[in-house]
Amino acid sequence: MSRRSLLIYLLILIIGFIIVYNMIGEQDFSGDDSREVIVYYATRDAMYLDQERRTVKQDGLYRNTVEELLKGPETSSLSPTIPEGVELLKLNLRDNIIYLDFNNALLDNHWGGSTGESLTVYSIVNTMVQFEEIDAVQILIEGEKIETLAGHMYLLEPLEKNESIVKK
């Protein structure tokens with residue numbers, strides 16, 4: 001093998017090692033980049049909330065958790081609590097209250113009824129207060145506080161967890 005061929009071979013080998021090293025370095029083998037969370041959906045009889053466990057990325061934990069809730073249940077024994085087309089626009093955590101700003105679809109596409117409203121609101125609230133640093137949830141629509149979602153619950157103040165609506 002000529003000296004030039006040997007040099008090219010070594011150069012290719014070094015470049016290969018660098019590429020492999022960078023690929024391995026980008027992976028997180030610790031498992032700490034994701035976390036199991038609980039999201040709440042309605043029971044089939046639409047009387048209670050029941051939990052479903054999901055794994056989400058830690059980076060953007062709150063947003064990722066809300067996005068899982070918006071996807072709907074994976075279990076056939078549970079029903080969605082959030083209407084079609086709902087998107088989380090912004091969120092902000094301040095003084096242990098998380099402000100969740102949704103688009104108008106939360107109002108416009110909601111099916112109504114006192115139980116339906118309660119299931120929707122507390123699926124959001126109970127899902128978010130599982131985090132130690134969150135005590136209450138303020139629901140906003142397009143950046144504004146709303147008095148009610150479907151005419152039965154007062155939403156101008158932040159809400160705390162409601163265990164009585166969760167299936168035992």
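Reader: What makes the three strands in the order 2-1-3 a sheet, and how are they paired?

Author: In this predicted model, strands count as paired if there are at least two bridges between them. Strand 1 (residues 34–43) and strand 3 are joined by two bridges, so they meet that cut-off. The sheet is open and its pairing is antiparallel. Within it, Thr43 stands opposite Leu78 in strand 3.

Reader: Why is one side of strand 2 and of strand 3 left without a neighbour in the sheet?

Author: Strand 2 (49–57) and strand 3 (78–79) stand at the edges, so each has a single partner strand.

Reader: Which strands does helix 2 lie across, and at what angle to strand 1?

Author: Helix 2 (residues 61–71) lies across strand 1 and strand 2, and runs at about 35° to strand 1. Helix 4 (residues 114–128) also packs on the sheet, where it touches strand 1 and strand 2. The direction of helix 4 makes about 160° with that of strand 1.

Reader: Why are residues of helix 2 such as Leu61 and Val66 called buried?

Author: The word applies to residues with under 20% relative accessible area. Leu61, Tyr62, Thr65, Val66, Glu68, Leu69 and Leu70 are buried, so each falls under that 20% limit. Their cover includes strand 1, strand 2, strand 4 (88–94), strand 5 (97–102) and helix 4. Just after the helix, Gly72 has a positive phi of about 95°.

Reader: How many residues does the protein chain have, and what share is buried?

Author: There are 168 residues, and buried ones make up 39% of them. The chain holds four helices and seven strands.

Methods:
Residues are numbered from 1 along each chain as its sequence is written. This is a predicted model: local features need pLDDT of at least 70, side-chain atom pairs count only at pLDDT 80 or more; totals for chains, interfaces and linings use all residues. Side-chain values use heavy atoms; hydrogens and water are left out. Contact means heavy atoms within 4.5 Å. Axes are lines fitted to C-alpha atoms, for helices over the stretch in contact, and angles run from 0 to 180 degrees between N-to-C directions. Buried means under 20% relative accessible area, exposed over 50%, partly exposed in between (1.4 Å probe, protein chains only).
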